[in-house]
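Let's take a walk through this protein together. Have a look at the picture first, and then we'll go through it piece by piece.

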Amino acid sequence: MQGMSERLYAAHVGLSRGAIQKAKAAGRLVLHEDGSIDAAASDRLRAETTDPSKTGKAPAPKMKPVPEAAVSAVGDTLKEQGLAAPATGGGTTFLQAKTANEVLKAQERRIRLAKLKGELVDRDRATALVFRLAREERDAWVNWPARVAALMAAELGTETAAMQKVLEAHVRAHLEELAQPRIAL
């Protein structure tokens, strides 16, 4: 026997034996003299004569180029997780992109869960709260000299108005010092 049997060829091409028998009867397969199937020649003949719409396989989709921003985002995500990032300009592998996608989905779920648990707060609300608390603290310090000047003047035996002016000057200087930006957020 020089070629393949119907059963072997059917397994080779992923069709049923009945389909191979029909193709053989219709002359769509190349046979050796002993009746066995010449697999390579039959494959070529089938590829040339088979209608692509009848194969059950969709044509290969046209691939769109991936923007460089997306590739760099995948690289950044992989680097954050301590994984190997694609080389610059070298593109990314499907596995790297899939890994980055899974990492991002896990991070998103973690954030959503923390928000549901009440562990995360709205940034605008937190900023407004901090601003209100800082304003209250500033106002308390601005009003402090007027409240304690009389007590301090009585203890030290000095004039109340002079004591209040000195305290106000020192408090305002200190508040101005605190108002200077030290670190940029």
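Asp139 is partly exposed, because its relative accessible area of 31% falls between the 20% and 50% cut-offs. Keep in mind that this is a predicted model. Asp139 has a salt-bridge partner, Arg138, and their closest N and O atoms sit 2.8 Å apart. Arg138 is partly exposed too, at 41%.

How many salt bridges are there in total? The count comes to 6. Some join up: Glu6, Arg17 and Lys24 are linked in a network.

Now find helix α5, which runs over residues 94–117. With 24 residues at 1.5 Å each, α5 should span 34 Å, and its end C-alpha atoms are indeed 34 Å apart, so the two agree. Along this helix, Glu102 and Lys105 form a salt bridge, 3.2 Å from N to O. They're 3 residues apart, so about one helical turn separates them. Further on, Glu108 and Arg112 also meet in a salt bridge at 3.2 Å, and this pair is 4 residues apart, again about one turn. Glu108 is partly exposed at 45%, and Arg112 at 47%.

What about the buried residues of α5? Those are Gln96, Ala100, Val103 and Ala114, and they pack against α4 (68–80). Right after α5 comes Gly118, with a positive phi near 85 degrees.

Finally, hop over to Ser42 in helix α3 (residues 39–49). Its relative accessibility is 0%, so Ser42 counts as buried. Setting aside neighbours within four places in sequence, Ser42 is in contact with Tyr9, Leu29, Val30 and Ile37.

Methods:
Residues numbered from 1 in each chain as written. Predicted model: local features only at pLDDT ≥ 70, side-chain atom pairs only at ≥ 80, totals over all residues. Heavy atoms only, no water. Helix = DSSP H or I, 4+ residues; strand = E, 2+ residues; numbered from the N terminus. Expected span 1.5 Å × (residues − 1). Buried < 20%, exposed > 50% of the residue type's maximum accessible area, 1.4 Å probe, protein only. Contact = heavy atoms within 4.5 Å. Salt bridge = Lys/Arg side-chain N within 4 Å of Asp/Glu carboxyl O.
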